[in-house]
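Work through the exercises below with the structure open. Each has a task and a stepwise solution.

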Amino acid sequence: MMRKTLFLLLICLGLASVKPAFAQYTTGIGLRAGVTNGLTVKHFISQDAALEGILHARWGGFLVTGLYEVHKDIRDVKGLQWFFGGGAHLGTWNTRNINSRNRPPWAEPNTTYTVFGLNGIIGLDYAFQDAPINLSLDWKPAINLGYYNYGWDEVALSIRFVF
């Protein structure tokens, strides 16, 4: 009985010391603040690849963005990675509730737009070693396909709780 208990204890200690197979964290959920504000969820599907979903507001509407990201370590700083990738977005813009000073120059007053298009992304991702927090700073340009419009101003800081 004592040998079985000792064997089981050694297995448990061995498993507890094994690092996860994914990058710095497996999943992070948090807030995104910048040109657009919203929620972000990032989930690593392999050591250097992640899927990110963003629900964000802009110009009186909401957009959903899905991204595939490739992460690369920055060797000199533990926990810091740079990433790049791409994806797509779908949503609406509603100029009914936007005053003329804040309305985009291409938009007609009192109009709702359905928007869909492609996104790129590049940024830095830092996971704190002693806290379940992740910070990410990125640039996410977009091109809308329904009508010609592009957004080069999408810079944001995300803070996520990671597990």
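The model is predicted.

**Exercise 1. Strand pairing**

Task: Find which residue of β6 stands opposite Asn94, and describe the pairing of β5 with its partners.

Solution.
1. Asn94 stands opposite Thr112 in β6.
2. β5 and β6 (residues 112–127) pair in the antiparallel sense over 15 bridges.
3. Now take β4 (residues 61–73) and β5 (residues 80–94): they too are antiparallel, with 11 bridges.
4. In that pairing, Leu67 stands opposite Gly87 in β5.
5. The hairpin of β4 and β5 has six residues between the strands, and Gly79 takes a positive phi near 95 degrees there.

**Exercise 2. Aromatic pairs**

Task: Classify the ring pair Tyr25 and Phe44 and state what it ties together.

Solution.
1. The structure holds five aromatic pairs.
2. For Tyr25 and Phe44, the ring centres are 5.1 Å apart and the planes stand at 85 degrees.
3. An angle over 60 degrees counts as edge-to-face, so this pair is edge-to-face.
4. Tyr25 lies in the loop between α1 (2–16) and β1 (27–34), whereas Phe44 lies in β2 (residues 37–46). The pair therefore ties together parts that are 19 residues apart in sequence.
5. Are the two residues buried or exposed? Tyr25 is buried at 6% relative accessibility, and Phe44 is buried at 0%.

Task: Do the same for Trp139 and Trp152.

Solution.
1. The centres lie 6.3 Å apart and the planes are at 35 degrees.
2. That angle is neither under 30 nor over 60 degrees, so the pair is tilted.
3. Trp139 belongs to β7 (residues 133–139). Trp152 sits in the loop between β9 (149–151) and β10 (155–162). The pair thus ties together parts 13 residues apart in sequence.
4. Trp139 is partly exposed at 35% relative accessibility, and Trp152 is partly exposed at 47%.

**Exercise 3. A charge over a ring**

Task: Which residue lies over the face of Phe83?

Solution. Lys42 does, at 4.2 Å from the ring centre.

**Exercise 4. The cavity**

Task: Describe the largest cavity and its lining.

Solution.
1. The count comes to one cavity of 30 Å³ or more.
2. The largest cavity holds about 130 Å³ of space.
3. Of its 16 lining residues, the closest to the centre are Arg58, Trp93, Ala142, Asn144 and Glu154.
4. β3 (49–58), β4, β5, β8 (142–144) and β9 each supply at least two lining residues. The largest share, three residues, comes from β9.
5. By class, the lining has five nonpolar, eight polar and three charged residues.

How values were computed:
Residues are numbered from 1 along each chain as its sequence is written. This is a predicted model: local features need pLDDT of at least 70, side-chain atom pairs count only at pLDDT 80 or more; totals for chains, interfaces and linings use all residues. Side-chain values use heavy atoms; hydrogens and water are left out. Rings of Phe, Tyr and Trp (its six-membered ring) pair if their centres lie within 6.5 Å; planes under 30 degrees apart count as stacked, over 60 as edge-to-face and the rest as tilted. Helices (H or I, at least four residues) and strands (E, at least two) are DSSP runs, numbered from the N terminus. Buried means under 20% relative accessible area, exposed over 50%, partly exposed in between (1.4 Å probe, protein chains only). A charge sits over a ring if NZ of Lys or CZ of Arg is within 6 Å of the ring centre and within 35 degrees of the ring normal. Two strands pair if DSSP finds at least two bridges between them. On a 1 Å grid over the protein atoms alone, a cavity is a set of points where a 1.4 Å probe fits but cannot get out, and a pocket is an open set with protein on both sides within 12 Å along at least five of seven lines; lining residues have an atom within 4 Å of a point. Grid points are joined across faces, edges and corners, and a volume is the space filled by probe spheres set on the points. Ala, Val, Leu, Ile, Met, Phe, Trp, Tyr, Cys and Pro count as nonpolar, Asp, Glu, Lys and Arg as charged, and the others, Gly among them, as polar.
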